[in-house]
Amino acid sequence: MSLSEQEEEDMRRAIALSLSHGSSNQQKKHEVIVVDSDSSTTDDEAPCVAAATQPKLPETETDSAFEKPTMGILGLDRKAMEQERLARKRKASISPQPARRTTPKLAETTLKERTSSASTPRIDVPTKITPSFHFSKLPYANGAVKKTWALGHPRDNDIKLEEILQKEDLTLAVLSSFQWDVEWLLRKIKTNATQMVFVMQADTEEMKAEYRNDTARMPNVRLCFPSMEGQVNCMHSKLMLLSYPTHLRVVVPTANLVPYDWGETGIMENTVFLIDLPRLVPKPTTPASSTMTKFGEDLIHFLEAMGLERSIIDSMHHFDFSSTEDLAFVHTIGGANTSDGPSWRRTGYCGLGRAISQLGLATEDALNIDYITSSVGSLNTESLSTLYLAAQGDEGTAVYNWRTTPASKLSKLVDRNIRAAQQTAQKQVTAGFRIYFPSLETVRASTGGSHNGGTICFQSKWWNSATFPRDLLRDCKSRREGMLMHNKV
């Protein structure tokens with residue numbers, strides 16, 4: 001059956017759009033930055049949404065995306081998608097009409113059942129809110145930490161992205177990432193049955209428009225762009241909120257939404273925390289009517305700062321967070337956090353100290369801290385001391401006192417005590433803080449070699465700084481031989 005004139009016009013328009021987009025990209029030589037970095041340099045903080053299976057050397061600041069002439073910047077083949085849409089439309093237009101349904105509709109069946117039971121005495125059911133699904137039946141009811149699966153390695157306490165998503169039952173997926181391969185991701189989701197919200201970095205209106213254009217023909221996809229105003233240079237958060245008929249799955253991975261971070265090339269290792277929270281029945285009528293833990297409160301605070309839809313944020317109250325009573329959700333919200341009162345205590349290292357204190361783990365004893373990272377910046381003993389004190393339960397007041405006490409006041413006893421506490425903390429950092437990061441030799445000897453270590457970031461200028469704590473660095477090697485680690489533990 002031939003295409004109608006309108007469909008032919010749609011096809012020509014879609015192809016022209018795709019080819020014009022491709023030629024525009026080719027003129028720019030596809031100079032898309034793929035460095036997954038927390039560095040303070042401008043290039044390292046640039047956004048990356050194009051997939052790359054071969055990241056460059058650790059200090060490389062740019063890389064090229066796959067050269068696909070008709071690809072949008074989210075990795076979506078617009079021409080192919082348009083052809084598939086028109087093919088589905090043609091198929092629907094020539095398919096025979098389905099037989100008339102003879103079974104009664106759900107509303108009709110319900111009405112008959114009510115009529116037949118009208119004489120039955122009414123039993124009042126208690127309105128107590130309880131989980132709708134037995135806690136013990138949820139796979140991760142108590143939370144779990146897993147390694148990401150890796151191609152070519154035996155399975156051992158690991159997990160695949162497909163096993164996290166469980167697409168057959170997934171109704172809503174809120175996904176936040178720094179790097180994206182959307183076409184690859186959508187193959188792991190039932191896009192016709194799952195509502196999706198992608199939380200993405202976009203620091204210009206032009207970039208937002210481009211992302212919206214790439215997803216315009218996906219009716220189940222909505223986009224969320226966290227604020228990039230003020231001091232915010234990078235939206236690096238990785239978070240998943242996965243909603244099912246029986247529960248909510250909260251996932252905090254170190255992996256971006258690209259295939260090599262999820263082990264599909266066998267070169268990069270990540271970690272995942274996930275926990276399943278049962279749905280409440282009956283559903284609370286207002287957010288205030290549900291009992292929320294500190295974990296849930298801080299998750300909601302983070303989602304609000306992210307700019308997520310209010311309806312999704314409020315839906316967090318439809319789930320039982322009681323299993324998170326002994327857990328904390330620690331986040332970092334970019335920019336200055338001083339304008340609305342005590343919000344600064346809820347994020348960053350202040351939020352970490354607050355969480356430690358609320359969990360009853362605060363201590364003045366010396367700690368041993370082993371920190372695994374995939375990105376190292378301009379460290380010094382003072383910056384590490386802030387993390388060390390937070391791990392002891394300090395909410396930031398000690399560091400604030402250090403920075404605001406003038407040298408002219410050190411003659412006072414109280415000020416001398418402040419300075420003495422600072423010196424003690426720095427000594428404890430030197431004795432008990434270890435940072436694990438792969439050496440250049442480890443990267444070169446890895447399965448992917450140095451050309452696949454581009455998201456393992458460190459710059460020589462930091463190492464060469466006179467104040468960099470070189471003695472605290474240790475070589476980081478995975479137990480799965482040949483793999484590099486993108487973990488943050």
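**Figure 1. L172 and Q195 face each other across two strands of the predicted model.** L172 stands opposite Q195, a residue of strand 7. Strand 6 covers residues 172–176 and strand 7 covers residues 195–199; the two run parallel and are joined by 5 bridges.

**Figure 2. An open sheet is built from 8 strands.** The strand order is 5-4-12-10-9-6-7-8, and the pairing is mixed. Strand 5 (158–159) and strand 8 (221–224) each have a single partner strand, so one side of each lacks a neighbour in the sheet. Helix 7 (residues 294–306) lies across strands 6, 7, 8, 9 and 10. The angle between helix 7 and strand 9 (239–243) is about 105 degrees.

**Figure 3. E162 and K188 form a salt bridge.** Their side chains meet at 2.5 Å, N to O. The two residues are 26 residues apart in the chain: E162 belongs to helix 4 (residues 161–165), and K188 to the loop between helix 5 (182–186) and strand 7. K188 is buried, with a relative accessible area of 9%, whereas E162 is partly exposed at 35%.

**Figure 4. K190 and E168 form a salt bridge between two loops.** The N to O distance is 3.5 Å. K190 lies in the loop between helix 5 and strand 7, and E168 in the loop between helix 4 and strand 6, 22 residues apart. E168 is exposed, with 57% relative accessibility; K190 is partly exposed at 30%.

**Figure 5. R310 and D314 form a salt bridge within helix 8.** Their closest N and O atoms are 3.1 Å apart. The two residues are 4 residues apart in helix 8 (residues 310–314), about one turn of the helix. R310 is partly exposed, with a relative accessible area of 44%, and D314 is partly exposed at 27%.

Conventions: Residues numbered from 1 in each chain as written. Predicted model: local features only at pLDDT ≥ 70, side-chain atom pairs only at ≥ 80, totals over all residues. Heavy atoms only, no water. Pairing = 2+ DSSP bridges. Contact = heavy atoms within 4.5 Å. Axes fitted to C-alpha atoms, helices over the stretch in contact; angles between N-to-C directions. Salt bridge = Lys/Arg side-chain N within 4 Å of Asp/Glu carboxyl O. Buried < 20%, exposed > 50% of the residue type's maximum accessible area, 1.4 Å probe, protein only.
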